[in-house]
Amino acid sequence: MKYAFPENFWWGSASSAQQTEGESLKGGKSATTWDAWYASQPWRFHQQVGPQDTSTFYQHWREDIALLKALNHNSFRTSISWSRLIPDGIGEVNREAVAFYSTMLSELAEQGIEPFITLFHFDMPMVMQEKGGWENREVVEAFSRYAQICFDLFGHQVKHWFTFNEPIVPVEGGYLYDFHYPNVVDFKRAATVAYNTVLAHASAVRVFRAGHHSGEIGIVLNLTPSYPRSQHPADLKAAHHADLLFNRSFLDPVLRGEYPADLVALLKEYDQLPACHLGDKELIAAGKVDLLGINYYQPRRVKCRDSAVNPESPFMPEWLFDYYEMPGRKMNPWRGWEIYEPGIYDILVNLRDNYGNPRCFISENGMGVENEQRFIENGQINDQYRITFITDHLKWLHKGISEGCNCLGYHMWTFIDNWSWCNAYKNRYGFVQLDLETQKRTVKKSGEWFAATAKNNGFD
């Protein structure tokens, strides 16, 4: 069977400034939370590899864009670094950063590659975090100004803007589960961070619309379907709660312009509601997006709790549900994540049936593999497992599109093996292998396959 995709389908990949640029304290750039955390606790990073050792895009962007072209990308998502562009977060613009982003965007245009630009990809400037980060509304205002500066500087080069990448992750990582800085475990503070992030998003959307910039503005959410263990009411309720907290807490505000009433009721019940100000409601309503990016890696399987909560323990999402390991699930044996391809279809159908079928695209999907060098044959990584992974997801994506879902593209995470937060280079995701010693780039088997698929706008 031939799987053909719609005309002008976006074929590409995604990356971020923090994970690829390198030069993390050079070129006028100030420290992000990652630089500061690594400086104080390097042992929390895999093999103590920190954010200064990324895939050197700041130096090698020209050859990397040539590789994107060779892999037949017609689109590519990366981010602008707030701490590179405005080193103190609120003041002067760094001219060196403007020159870098502007020439990089010109080169993408020259190669016929449409830039998709994210404003915030987990990289809070440390100067802003010291003011409280997203807990502080001053930082929300500073972000709005930063967004406006980006639109004014690069709006003639960028037609697809995204305010945030996976905004739930800094909430989970930084304020619930201790895997991002500032390593807080406090649900009430997490709820405030999530709420203020929505306000920051909506402020940027408002600024974009007020400036009458051409193009469109969206957000990238990691939508992880919550599948209940059974159809028992207690399991269904557990899945509903997980969905409210981890998906709908951002999905509803950005697509419907308001929060789900049952999420508000739930937080109220446990006394976890963030402080709301006059005018917030109208601002959130004005933050509806033109385009939704969807990151999908694995499903979330949940069940009701089988044991009582310790009432003395801090309130956590797990008061409301438990994780469920489905027997016989298909696994990525190298990363420890479940592989469930129909999840990508379920997300699209949910958007079509319950959210008015918004314009959307898959902004990330990918397979991390540890110690990929073991698969080298004749000097090239033979990652047939990644080709299978992409193919099987694209088949379900194709089914969704054929049933009327408004999905406009597919971006893989990621183009080149890059630094990944606390995991550094433990799991490799790229179409292109990166040799850390020499910085040599070598296209993997999956890269060749993707180039052919993009060129043919589909596969057999």
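A polar contact is a pair of N or O atoms within 3.5 Å; within protein, one must be able to donate a hydrogen and the other to accept it. In this predicted model, the side chains of serine 75 and histidine 411 form such a contact at 2.8 Å. Serine 75 also points toward tryptophan 11. There, the serine 75 side chain reaches the backbone oxygen of tryptophan 11 at 3.3 Å.

Serine 75 belongs to strand β3, which covers residues 75–79. The relative accessible area of serine 75 is 0%, so the residue is buried. Its surroundings come from several parts of the chain. Beyond residues up to four places away in sequence, serine 75 touches Trp10, Trp11, Gly12 and Ser13. Ile113, Glu114 and Phe116 are also touched by serine 75, as is His411.

Histidine 411 leads on to a second site. With neighbours within four places in sequence set aside, His411 is among the contacts of glutamate 364. The UniProt record, an unreviewed entry, places the feature "active site" at Glu364. Glutamate 364 lies in strand β13, residues 360–364. Its relative accessibility is 4%; because the cut-off for buried is under 20%, glutamate 364 counts as buried. The side chain of glutamate 364 makes a polar contact of 2.9 Å with the side chain of arginine 77. Arg77 therefore appears in the contact list of glutamate 364 as well, since contact means heavy atoms within 4.5 Å. The list further includes Ala14, His121, Asn165 and Glu166. Ile294, Asn295, Tyr296 and Tyr297 also contact glutamate 364, and so does Trp413.

A third buried position is tryptophan 134. Tryptophan 134 sits in the loop between α6 (126–129) and α7 (137–154). Tryptophan 134 has 5% relative accessibility, so it counts as buried. Its C-alpha atom is separated by 5.9 Å from that of asparagine 196, although the two residues are 62 residues apart along the chain. Asn196 is also one of the residues that tryptophan 134 touches, not counting residues up to four places away in sequence. Others in that set include Trp82, Phe120, Met124 and Phe164. Val139, Val140 and Phe143 are touched too. So are Thr192, Val193, Thr197 and Ala200.

Strand pairing was examined in one sheet. Strands of a sheet pair through backbone hydrogen bonds, either parallel or antiparallel. Here, three strands form an open sheet in the order β7-β9-β10, with mixed pairing. Strands β7 (226–228) and β10 (322–323) are the edges, and each pairs on one side only. Strand β9, residues 300–303, runs antiparallel to β10 and is joined to it by two bridges. Within this pairing, valine 302 has tyrosine 323 of β10 as its bridge partner.

At the level of the whole chain, the protein has 15 helices and 21 strands. Its radius of gyration is 21 Å, close to the 23 Å that the globule rule gives for 460 residues, so the protein is as compact as a globular protein of that length. The C-alpha trace spans about 60 × 55 × 45 Å along its principal axes. Of the 460 residues, 60% are buried. Contacts between residues at least 6 apart in sequence were also classified. Of these, 77% join residues at least 24 apart. The exposed area of the protein is about 17900 Å², and carbon and sulfur atoms supply 51% of it.

Definitions and conventions:
Residues are numbered from 1 along each chain as its sequence is written. This is a predicted model: local features need pLDDT of at least 70, side-chain atom pairs count only at pLDDT 80 or more; totals for chains, interfaces and linings use all residues. Side-chain values use heavy atoms; hydrogens and water are left out. UniProt positions are given in the numbering used here, feature names are shortened, and annotations may be inferred rather than shown by experiment. Helices (H or I, at least four residues) and strands (E, at least two) are DSSP runs, numbered from the N terminus. Buried means under 20% relative accessible area, exposed over 50%, partly exposed in between (1.4 Å probe, protein chains only). Two strands pair if DSSP finds at least two bridges between them. The radius of gyration is taken over C-alpha atoms; the globule rule is 2.2 Å times the number of residues to the power 0.38. Accessible areas come from the Shrake-Rupley method with a 1.4 Å probe; for residues, only the protein chains shown count as cover.
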